[in-house]
Amino acid sequence: HPGVAVIDALELDRVVAVRKPVEAKNLHGPTIGEDARVLADVVDLLRCPVCLGGLELGDGVLRCGEGHSFDLAKQGYVNLVPGHGDTAEMVEAREGFLGAGHFRRLTGALVEVALGVEASGAVVDVGAGTGHHLAYVLAAPPQRQGVALDTSTAALKRAARIHPRVAAVGADAWKPLPLRDGVAALVLSV
């Protein structure tokens, strides 16, 4: 596909230094009001998954003009798709695996590619899980908003706190994404 960078992590011939992502200080402290700030920064990038209309941030809810509404979870994410994703145990295991550095070279390559993107817009991570790779990409310049899309509420809870510029949104990658056209400068799908 033109314009798509494919990274084969196992055959990289150099190592890229990767900075630790910025993490929230208290994983259980923020309230909906504090977490809604990040969602407010990206609400204009989202669209209703039912009618595809724009969404607006209300008091603890995202709502479209047709009246479809989606509650903001107290953990700082909004789920725009019903269903189940990975369990808390699966997410914890993945976080431990990634935290041990097993994909450090891949993460570094993603950061390197992101540094070369000059287009304006958000960084969207489809199937973001905990937001591990997205957080590292956002820690590199330029400053962008990040949108972590996943079906797992357990993963969304962690992604909502991985970086101060990440908004975590429940979405199904096999259906039209709840994003407006042209909002992404970079899309990750690892």
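Val124 stands opposite Val187 in β8. That pair belongs to the link between β5 and β8, which run parallel and are joined by 4 bridges. The model described here is predicted.

The protein chain holds 5 helices and 8 strands. Read from the N terminus, the order of elements is α-β-β-β-β-α-α-β-α-β-α-β-β. Of the 190 residues in the protein chain, 43% are buried. The protein chain exposes about 10400 Å². Carbon and sulfur atoms supply 53% of that area. Contacts in the protein chain often span long stretches of sequence. Among those between residues at least 6 apart in sequence, 64% join residues at least 24 apart.

The strands are described sheet by sheet. In general, strands of a sheet pair through backbone hydrogen bonds, and the pairing is either parallel or antiparallel.

One open sheet has 5 strands, in the order β4-β7-β6-β5-β8, with parallel pairing. β4 (77–79) and β8 (184–188) stand at its edges. Each of these two has a single partner strand, so one side of each is left without a neighbour in the sheet. From one strand to the next, the twist averages 20°.

A further open sheet has 3 strands, in the order β1-β2-β3, and its pairing is antiparallel. Here β1 (55–57) and β3 (69–71) take the edge positions. Each has a single partner strand, so one side of each lacks a neighbour in the sheet. Neighbouring strands of this sheet are turned by 20° against each other on average, direction ignored. β1 and strand β2 (residues 61–64) run antiparallel and are joined by 3 bridges. Leu55 has Cys64 in β2 as its bridge partner.

Within the parallel sheet, strand β6 (residues 146–150) is mostly covered. Of its 5 residues, 5 are buried. Gly146, Ala148 and Asp150 point one way from β6, while Val147 and Leu149 point the other way. Residues pointing either way are buried.

β6 pairs with β5 in the parallel sense, over 4 bridges. Between these strands the chain passes through α4, and this β-α-β crossover is right-handed. Val126 has Leu149 in β6 as its bridge partner. β6 also runs parallel to strand β7 (residues 166–170), with 5 bridges joining the two. Gly146 stands opposite Val166 in β7. Together, β6, helix α5 (residues 153–159) and β7 make a right-handed β-α-β unit.

Gly146 itself lies in strand β6. Its relative accessible area is 0%, so Gly146 counts as buried. Gly146 and Asp125 are 21 residues apart in sequence, yet their C-alpha atoms are 7.6 Å apart in space. Neighbours within four places in sequence aside, the contacts of Gly146 are Val42, Val123, Leu134, Leu138, Arg165, Val166 and Ala167. Among these, Leu134 and Leu138 are buried residues of α4.

Helix α4 is mostly covered, with 8 of its 8 residues buried. These are His132, His133, Leu134, Ala135, Tyr136, Val137, Leu138 and Ala139. They pack against several elements. The helices are α2 and α3 (104–115), and the strands are β5, β6, β7 and β8.

Ahead of α4 comes a loop that starts after β5. Thr130 is found in this loop, between β5 (122–126) and α4 (132–139). Thr130 has a relative accessibility of 3%, which is under the 20% cut-off, so Thr130 counts as buried. Beyond its neighbours within four places in sequence, Thr130 is in contact with Val91, Glu95, Leu98, Ala155, Arg158, Ala159 and Ile162.

Helix α2 (residues 88–99) has 12 residues. At 1.5 Å a residue, α2 should span 16 Å. The C-alpha atoms at its ends are 16 Å apart, so the expected span and the model agree. Gly101 follows α2, and the phi of Gly101 is positive, near 90°.

How values were computed. Residues are numbered from 1 along each chain as its sequence is written. This is a predicted model: local features need pLDDT of at least 70, side-chain atom pairs count only at pLDDT 80 or more; totals for chains, interfaces and linings use all residues. Side-chain values use heavy atoms; hydrogens and water are left out. Buried means under 20% relative accessible area, exposed over 50%, partly exposed in between (1.4 Å probe, protein chains only). Contact means heavy atoms within 4.5 Å. Accessible areas come from the Shrake-Rupley method with a 1.4 Å probe; for residues, only the protein chains shown count as cover. Two strands pair if DSSP finds at least two bridges between them. A crossover is right-handed if, with the strands pointing away from the viewer, the path from the first strand over the helix to the second runs clockwise. The expected span of a helix is 1.5 Å times one less than its number of residues. Axes are lines fitted to C-alpha atoms, for helices over the stretch in contact, and angles run from 0 to 180 degrees between N-to-C directions.
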